[in-house]
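User: I am new to this structure and would like a close look at a single part of it, the strands that pair with one another and the charged side chains around them. Please take it step by step.

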Amino acid sequence: YVGLSDNRSTPRKEAVFFADCKNGERFYISEKELNVNKKVESVQEKNSKYSDLAYIESCAEHAKKQTNHPSTFDYSIINSSVYRAPDTGRVLVTMPFEAKNSFGLEIEMTAKCYFDDRGLIGFEANEE
């Protein structure tokens, strides 16, 4: 299946197409890339270049920046999980962490970081 990607295309500037293959892989290709003789990688191929640990560390860096007191940020690699969606190639990192709030109280939180082949695309943190 091939279609025009409405969330990656820029109207009147650049069209980006996606192709969903029978084997479950998804490819994105822009007009510029069509004119270059270069191997196109699927979203899954691009994301497989990064280890689970790399995704966890990236999520931790982002979560730390979102806290009121970054120096109190502490997370658990062991209790973190990485889910790689086979159909879309997206990656979800779920990571428990603790940090102090503005009142100096340590709060237990869970961060969720959403990645695609372009990097971090979504973040949320909720109190446990």
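**Strand β7 and its surroundings**

Analyst: Strands β7 and β8 pair in the antiparallel sense, and 8 bridges are found between them. This is a predicted model, and the description that follows should be read with that in mind. The connection from β7 to β8 is a hairpin that passes through 2 residues. To place this pairing on the sequence, one can take A111, whose bridge partner in β8 is A125.

On its other pairing, β7 (residues 106-116) meets strand β6 (residues 91-100), again in the antiparallel sense, this time over 10 bridges. A useful marker here is A99, for which the bridge partner in β7 is I107. These two strands also form a hairpin, with 5 residues between them, and within that turn G104 has a positive phi of about 85°. As a general point for looking at such strands, the side chains of a regular strand alternate between the two faces of the sheet.

A positive phi is also found at R12, where the value is near 65° although the residue is not a glycine. R12 belongs to the loop between β1 (2-4) and β2 (16-20), and it counts as exposed because its relative accessibility is 88%.

The loop that holds R12 leads back to β7 through a charged contact. The side chains of R8 and D116 meet in a salt bridge, with 3.2 Å from N to O. Since R8 lies in the loop between β1 and β2 while D116 is in strand β7, the pair ties together parts that are 108 residues apart in sequence. Both partners, R8 and D116, are buried; for D116 the relative accessibility is 4%, which is why D116 is classed in this way, the cut-off for buried being under 20%.

D116 has a further partner in R118, and in this salt bridge the closest N and O atoms are 2.8 Å apart. In contrast to the buried D116, R118 counts as partly exposed, because its relative accessibility is 48%. These contacts belong to a network of salt bridges that links R8, K46, D116, D117 and R118.

Across the whole structure, a search finds 8 salt bridges. One that lies outside the network just described is formed by the side chains of R84 and D52, at 3.0 Å from N to O. This pair links distant parts of the chain, with R84 in strand β5 (residues 81-84) and D52 in helix α3 (residues 52-66), 32 residues apart. R84 is partly exposed, with a relative accessible area of 32%, and D52 likewise counts as partly exposed, at 37% relative accessibility.

Finally, there are charges on the surface to consider, some of them in β7, which covers residues 106-116. D74, E106, E108 and E128 gather there in a patch of negative charge. E128 is placed in the segment after β8 (119-127), and it counts as exposed because its relative accessibility is 57%, where the cut-off for exposed is over 50%.

Taken together, β7 pairs with β6 over 10 bridges and with β8 over 8 bridges, while D116 in this strand takes part in the salt-bridge network.

Key
Residues numbered from 1 in each chain as written. Predicted model: local features only at pLDDT ≥ 70, side-chain atom pairs only at ≥ 80, totals over all residues. Heavy atoms only, no water. Patch = residues over 30% accessible without salt bridge, like charges linked within 9 Å, V, L, I, M, F, W, Y side chains within 5 Å. Areas by Shrake-Rupley, 256 points an atom, 1.4 Å probe, with all protein chains shown as cover. Salt bridge = Lys/Arg side-chain N within 4 Å of Asp/Glu carboxyl O. Lys, Arg positive; Asp, Glu negative; His and termini not counted. Charge placed at Lys NZ, Arg CZ, Asp CG, Glu CD. Helix = DSSP H or I, 4+ residues; strand = E, 2+ residues; numbered from the N terminus. Buried < 20%, exposed > 50% of the residue type's maximum accessible area, 1.4 Å probe, protein only. Pairing = 2+ DSSP bridges.
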